[in-house]
Amino acid sequence: MEKNVAPEEFRIRSIIVPLLAIIAGVFMVVLNSTSMNVALTTLLKDLNTDFPTIQWTVTGYMLAQASVIPLAGWLSDRFGAKAVFLSSITLFTIASILCTIPNSAGWLIAFRIVQGLGGGCVIPVAMAYVYRLSPQHKVGTVMAMMGIPILFAPAIGPVLSGWLVEFYSWRWLFLINIPVGIISILIGLKTLPKVERQTVAGIDLPGMILAPIAFAGLSYGVIEGATSWTSVNTIAGLVIGGIALIAFIIRELSIETPLLDLRVFRSIDFSIGIIVQWIGQFALFGAIFLLPQFLQQARGFGAFDTGMILLPQAIASMIVMPIAGYLFDRIGVRWLVVIGLGLVSGATYQYSQVDVTTTGKDLLIPLIMAGAGMGMMTMPMNTHLFNMAPRHLVSRVTSLTNSMQQVINSLSVAALVTILSAHVTLRTDELKEAAQSATGTVSPTPESMQQAMAEVAANSFGDTFGFMVIVAIIGAALGLLLRRHKTSS
């Protein structure tokens, strides 16, 4: 659907109702991507299982999403964005109902995988949908409105899920999806406009087989890498995913109707933009992942208290994102990315100074900085990439960017866990050596050793945050290379 509305004729309120249907669906899917982390300890007891097994309620969901995201663009072109979006929300809602039933880990994992299959298509299709609903002169503003749930849901997730798990039941994590899903479906059926289908010559069957193997394999490999980079599971995932990815790239570049159109990488602006997005995504997702772990593991805060401490970050993101969308339409993406990652760099530098005495009040300013930085760059960067591609390929570009973001998110978690573990080991060894060399002194008490190990954990988190500062600064520097440019359709 191409919009030919004159600038003075367009009003945001003309699309606000269908936009609400999209926002509700996106919020529900993103919220469930993070809320399960808080519930794992409770699930261990309620379902009488072990951690490696229950972890698959998270891993299986992520891998299912990664496997279907590459198909989202083709499905949208073939069957229409409205049909694919509403079908995905329907499947996700039905799977949420099923997730409230199990009394065994196996069935919960199976239903979470079905959830992931439904949720995988929602965000890429929604982003392409909103982009096409928006006239070019307002695309930044409208995309920013849809970006609010993408940043707000992971931030509010620990608060909401911690409250539900602590005071009610983990099953409520899925029950709350049901009314949201029904509202999204009903509003969407009535108000979402039909987007014209793109002409697709046929099914790229090899691509449809290779893409899920590639992206799910790579995601699985880096997830397992958080435990051990030399394990059989890690190596198998990376090798199988890597071989499938190479075969997929060769396939997509050699046919006229590819599943993911990789020819967009011929644009230097697009290539620079997506590299900046990957680096920025690593820094942003790393901050979202690592800080709650510090608060719970090194400082001993509960899930609900951790969520409350992180709330200023979510509020800052919500406030800044619409402003960033407005600015994008006027000044482009460059300075939004540079300033956004600059704020994230400053926040993570302050995180790198944490210790065993750090409280929630100490983190207030850096949390606001990090939230503002996320809101400043996330959706403008996505919109910039869409503008770098021909308009008729937007649905394919959203699938491409979201597929890689899934891998980058997994890589971020795996890399940070690896770095954190290495620093814990290093500092623990130094502590042992210091204790052994302290001959002739009073033997350390259990309390002093416990205090020393707490300091080791806190300082190791600080070291890991220091690594993230470098990543964010590199992203901000590369952001200076971004240019304001819009391709013709």
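How many cavities of 30 Å³ or more does a search of the whole structure find? In this predicted model, the search returns two. The second largest cavity has a volume of about 40 Å³. Its lining is made up of Leu31, Asn32, Ser35, Gly157, Leu160, Ser161, Leu164, Leu173 and Ile176. Two elements, α1 (16-34) and α8 (139-167), give two or more residues each to this lining. Of the elements involved, α8 gives the most, with four residues. In chemical character, the lining of the second largest cavity divides into five nonpolar and four polar residues, with no charged ones.

Helix α1, which takes part in that lining, also holds Leu20. Leu20 counts as partly exposed because its relative accessibility is 46%, a value between the 20% and 50% cut-offs. The C-alpha atom of Leu20 is separated by 8.7 Å from that of Gly188, although the two residues are 168 apart along the chain. Another link in the chain involves Ser184, a residue of helix α10 (residues 177-191). The side chain of Ser184 reaches the backbone oxygen of Ala21 at a distance of 2.8 Å. With a relative accessible area of 0%, Ser184 is under the 20% cut-off and is therefore buried.

A further side-chain contact to a backbone oxygen is found in helix α16 (residues 364-387), where Thr378 is located. Here a polar atom of the Thr378 side chain lies 2.7 Å from the backbone oxygen of Met374. Thr378 has a relative accessible area of 12%, so this residue is classed as buried.

Two helices can be compared with the span expected at 1.5 Å a residue. For helix α6 (residues 105-119), the 15 residues should span 21 Å, and the end C-alpha atoms are indeed 21 Å apart, so the two values agree. The buried residues of α6 are Ala105, Leu108, Ile109, Phe111, Arg112, Gln115, Gly116, Gly118 and Gly119. Helix α11 (residues 205-225) has 21 residues and reaches 30 Å from its first C-alpha to its last, close to the 30 Å expected. Helix α11 is mostly covered, with 15 of its 21 residues buried.

What of the cysteines, and how many disulfides does a search of the whole structure find? The search finds zero. Cys99 is buried, because its relative accessibility is 0%. Cys121 has a relative accessible area of 6%, and so is buried too.

Turning to helix α18 (residues 446-479), this is the place of Ile474. Is Ile474 buried, partly exposed or exposed? Its relative accessible area is 43%, which means that Ile474 is partly exposed, as the value falls between the 20% and 50% cut-offs. The C-alpha atoms of Ile474 and Val276 are separated by 8.9 Å, while the residues themselves stand 198 apart along the chain.

Terms used:
Residues are numbered from 1 along each chain as its sequence is written. This is a predicted model: local features need pLDDT of at least 70, side-chain atom pairs count only at pLDDT 80 or more; totals for chains, interfaces and linings use all residues. Side-chain values use heavy atoms; hydrogens and water are left out. Buried means under 20% relative accessible area, exposed over 50%, partly exposed in between (1.4 Å probe, protein chains only). A polar contact is a pair of N or O atoms within 3.5 Å; within protein, one must be able to donate a hydrogen and the other to accept it, and residues adjacent in sequence count only if both atoms are side-chain atoms. On a 1 Å grid over the protein atoms alone, a cavity is a set of points where a 1.4 Å probe fits but cannot get out, and a pocket is an open set with protein on both sides within 12 Å along at least five of seven lines; lining residues have an atom within 4 Å of a point. Grid points are joined across faces, edges and corners, and a volume is the space filled by probe spheres set on the points. Ala, Val, Leu, Ile, Met, Phe, Trp, Tyr, Cys and Pro count as nonpolar, Asp, Glu, Lys and Arg as charged, and the others, Gly among them, as polar. The expected span of a helix is 1.5 Å times one less than its number of residues. A disulfide is a pair of cysteine sulfur atoms within 2.5 Å.
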